[in-house]
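Biologist: I am new to reading protein models. Could you walk me through this one, feature by feature?

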Amino acid sequence: MRAVAVVKCCHFTSPFQYKAWYSPNKKEALKELTEVTFPTAMAQKEKKLVERGGQFFAGNSLTFADLHVFYFLAEAEFMCPIVVKQYPKLSGLVDRIASNPNIRNYIETRPQKAKADMAIC
């Protein structure tokens, strides 16, 4: 159940992301997304991670919830790495997952996707 709650927290921001993506004022919408919406969601995720020991969201090993947050924080085109670094436990989670040999190999060898013009940093 813990993993499901974490995934739902990530999905909470989805409507805001799509709104920014398709906004006629994309730059302003992305600024609000990065400066207001994401910090709120990230503070909540950081708090949950700390409450659960600071290493993983559900138990003592990597779960789907951790991978979901990893994608949200490290792989999504609209997340700014500078923002992630402001949350040390989340940043540590991203680093732990990225250093997993299988995940690192996948990231290094997968076909490169075209980056969308979403990040503001």
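Modeller: Gladly! Let's start with a term: helices here are DSSP runs of H or I with at least four residues, numbered from the N terminus. Keep in mind that this is a predicted model.

Biologist: Thanks! How many helices and strands does the chain have?

Modeller: There are seven helices and zero strands. Going along the sequence, you read the pattern α-α-α-α-α-α-α.

Biologist: Since the model is predicted, where is confidence lowest and where is it highest?

Modeller: For that we use pLDDT, the predictor's confidence in each residue, from 0 to 100. The chain has a mean pLDDT of 80, with 77% of its residues at 70 or more. Confidence is lowest in helix H1 (residues 2–12), where the mean is 54, and highest in H6, where it is 93.

Biologist: Now the inside. What share of the residues is buried?

Modeller: A residue counts as buried when its relative accessible area is under 20%. In this chain of 121 residues, 38% are buried. On the outside, the chain exposes about 7,500 Å², and carbon and sulfur atoms supply 59% of that.

Biologist: Which residues have the most contacts inside the largest nonpolar core?

Modeller: They are Met-42, Phe-57, Val-69, Leu-73, Leu-90 and Leu-93, in a core of 22 residues. Helices H3 (26–51), H4 (64–75), H5 (81–85) and H6 (88–98) each give two or more residues to this core. The largest share, six residues, comes from H3.

Biologist: Let's look at H6 more carefully. Which of its residues are buried, and what covers them?

Modeller: The buried residues of H6 are Leu-90, Ser-91, Gly-92, Leu-93, Val-94 and Ile-97. Their cover includes H3, H4, H5 and helix H7 (101–109).

Biologist: What about contacts along the whole chain: what share joins residues at least 24 apart?

Modeller: Taking contacts between residues at least 6 apart in sequence, 72% join residues at least 24 apart.

Biologist: And how should I read aromatic rings?

Modeller: A pair of aromatic rings is described by the distance between the centres and the angle between the planes. A search of the whole structure finds one such pair. The ring centres of Phe-38 and Phe-72 are 5.4 Å apart and their planes stand at 85 degrees, so the pair is edge-to-face. It links distant parts of the chain, with Phe-38 in helix H3 and Phe-72 in helix H4, 34 residues apart.

Biologist: Are those two residues buried or exposed?

Modeller: Phe-38 and Phe-72 are both buried. For one more ring, look at Phe-56: Arg-96 lies over its face, at 5.6 Å from the ring centre.

Methods
Residues numbered from 1 in each chain as written. Predicted model: local features only at pLDDT ≥ 70, side-chain atom pairs only at ≥ 80, totals over all residues. Heavy atoms only, no water. Core = buried A, V, L, I, M, F, W, Y, C linked by side-chain atoms within 4.5 Å. Buried < 20%, exposed > 50% of the residue type's maximum accessible area, 1.4 Å probe, protein only. Contact = heavy atoms within 4.5 Å. Areas by Shrake-Rupley, 256 points an atom, 1.4 Å probe, with all protein chains shown as cover. Phe/Tyr/Trp six-rings, centres within 6.5 Å; stacked < 30°, edge-to-face > 60°. Lys NZ or Arg CZ within 6 Å of the ring centre and 35° of its normal.
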